[in-house]
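Hi,

Here is the structure I promised to pass on. Have a look at it first, and then read my notes below.

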Amino acid sequence: AGEPTERGGPYGIAGRRMRKPLIAAVEGVAAGGGFEIALSATLIVASRSATFSFPEVGLGLVAECGGLFRGPRALPLNVARELLLTGDPLPAQRAYELGLVNRLTEPGFALDEALSLATRIADRAPIAVRETLRAIEAAYVADDEAGWAETTLASDRVRASTDAVEGVTAFLEKRPARWTGR
């Protein structure tokens, strides 16, 4: 789950309360932790070649770095459920149509567009930007705290299972997992 930091939590960013806007620029595959890092950002720019997924259930695990609560917040509930329960990828075009992705670009241009968007924000009044972001984030603090607690509970239960060991072993051995439900 990435090396946690005191201020940022998993991946150094997933648990951080943003003081400045952070824009994710996604090219290619954002799976598991990569998707959760993107969900931690303030805005997401993606190329048409990008995909987003939570593959953890295929390994006998759960999304541990915010995906269990940020996915349903950023996407329609049933779409988030489908992604979290199947591990199937969400193409960038569909993610844009659903409002997860703010800007969609041709492959190779997500970073350029993210920097352009960042420049637009940086050209605005800094205190107004900071306070706007603070107020938006404050509305979700309690939800995030509850989300982290539920994620820890789910993760502890799953990681104690033989299915978690089997899922990771099967992945490493490049074979289908043999689930026992234990």
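**What I found**

One open sheet has 3 strands in the order S1-S3-S6, and the pairing is parallel. Strand S1 (23-26) and strand S6 (103-105) are at the edges with a single partner strand each, so one side of each has no neighbour in the sheet. On average, neighbouring strands here are turned by 15° against each other, direction ignored. Please keep in mind that this is a predicted model.

If you zoom in on S1, you'll see 4 bridges joining it to strand S3 (residues 43-47), and the two run parallel. Ile-23 stands opposite Leu-43 in S3.

There is another open sheet of 3 strands, ordered S2-S4-S5, and its pairing is mixed. Its edge strands are S2 (29-31) and S5 (90-91), each pairing on one side only. S4 and S5 run antiparallel and are joined by 2 bridges; Phe-52 has Leu-90 in S5 as its bridge partner. Helix H1 (residues 33-40) lies across S2 and S4, at about 90° to S2.

**The nonpolar cores**

The largest nonpolar core has 24 residues, and those touching the most other members are Val-26, Phe-35, Ile-44, Phe-52, Leu-75 and Leu-100. At least two residues each come from S1, H1, S3, helix H3 (77-86) and helix H4 (92-97). H3 gives the largest share, with 4 residues. As a general point, nonpolar side chains tend to be buried together in soluble globular proteins.

Leu-75 is a good one to click on: setting aside neighbours within four places in sequence, Leu-75 is in contact with Phe-35, Ala-80, Leu-83, Leu-90, Leu-98 and Leu-100. A second, separate core has 6 residues, among them Leu-43, Ala-110, Ala-114 and Leu-117.

**Charged pairs**

The salt bridge count comes to 10. In one of them, Glu-106 pairs with Arg-48, with the closest N and O atoms 2.9 Å apart. Glu-106 is in the loop between S6 and helix H5 (110-122) and Arg-48 in the loop between S3 and S4, so this pair ties together parts that are 58 residues apart in sequence. Glu-106 is partly exposed, with a relative accessible area of 45%, and Arg-48 is partly exposed too, at 43%.

Arg-70 and Asp-144 also meet in a salt bridge, at 3.8 Å from N to O. This pair links distant parts of the chain, with Arg-70 in helix H2 and Asp-144 in helix H7, 74 residues apart. Both Arg-70 and Asp-144 are buried. Salt bridges with shared partners join Arg-70, Arg-73 and Asp-144 into one network.

Then there is Arg-175 with Glu-166, where the closest N and O atoms are 2.6 Å apart. Glu-166 is buried, with a relative accessible area of 14%.

**Two more residues to look at**

Which side chain of opposite charge is nearest to Glu-56? That is Arg-159, 8.4 Å away, and Glu-56 is buried yet has no salt bridge. Glu-56 lies in the loop between strand S4 (51-53) and helix H2 (67-74). Beyond its neighbours within four places in sequence, Glu-56 is in contact with Gly-32, Gly-33, Glu-36, Leu-61, Val-62 and Ala-63.

Is Ser-155 buried or exposed? Ser-155 is buried because its relative accessible area is 9%, and buried means under 20%. Ser-155 lies in helix H7 (residues 141-159). Leaving out neighbours within four places in sequence, Ser-155 is in contact with Val-62 and Glu-64.

Cheers

Notes. Residues are numbered from 1 along each chain as its sequence is written. This is a predicted model: local features need pLDDT of at least 70, side-chain atom pairs count only at pLDDT 80 or more; totals for chains, interfaces and linings use all residues. Side-chain values use heavy atoms; hydrogens and water are left out. Buried means under 20% relative accessible area, exposed over 50%, partly exposed in between (1.4 Å probe, protein chains only). Lys and Arg count as positive and Asp and Glu as negative; His and the chain ends are not counted. A salt bridge is a side-chain nitrogen of Lys or Arg within 4 Å of a carboxyl oxygen of Asp or Glu. Contact means heavy atoms within 4.5 Å. Two strands pair if DSSP finds at least two bridges between them. Axes are lines fitted to C-alpha atoms, for helices over the stretch in contact, and angles run from 0 to 180 degrees between N-to-C directions. A nonpolar core is a set of buried Ala, Val, Leu, Ile, Met, Phe, Trp, Tyr and Cys residues joined through side-chain atoms within 4.5 Å.
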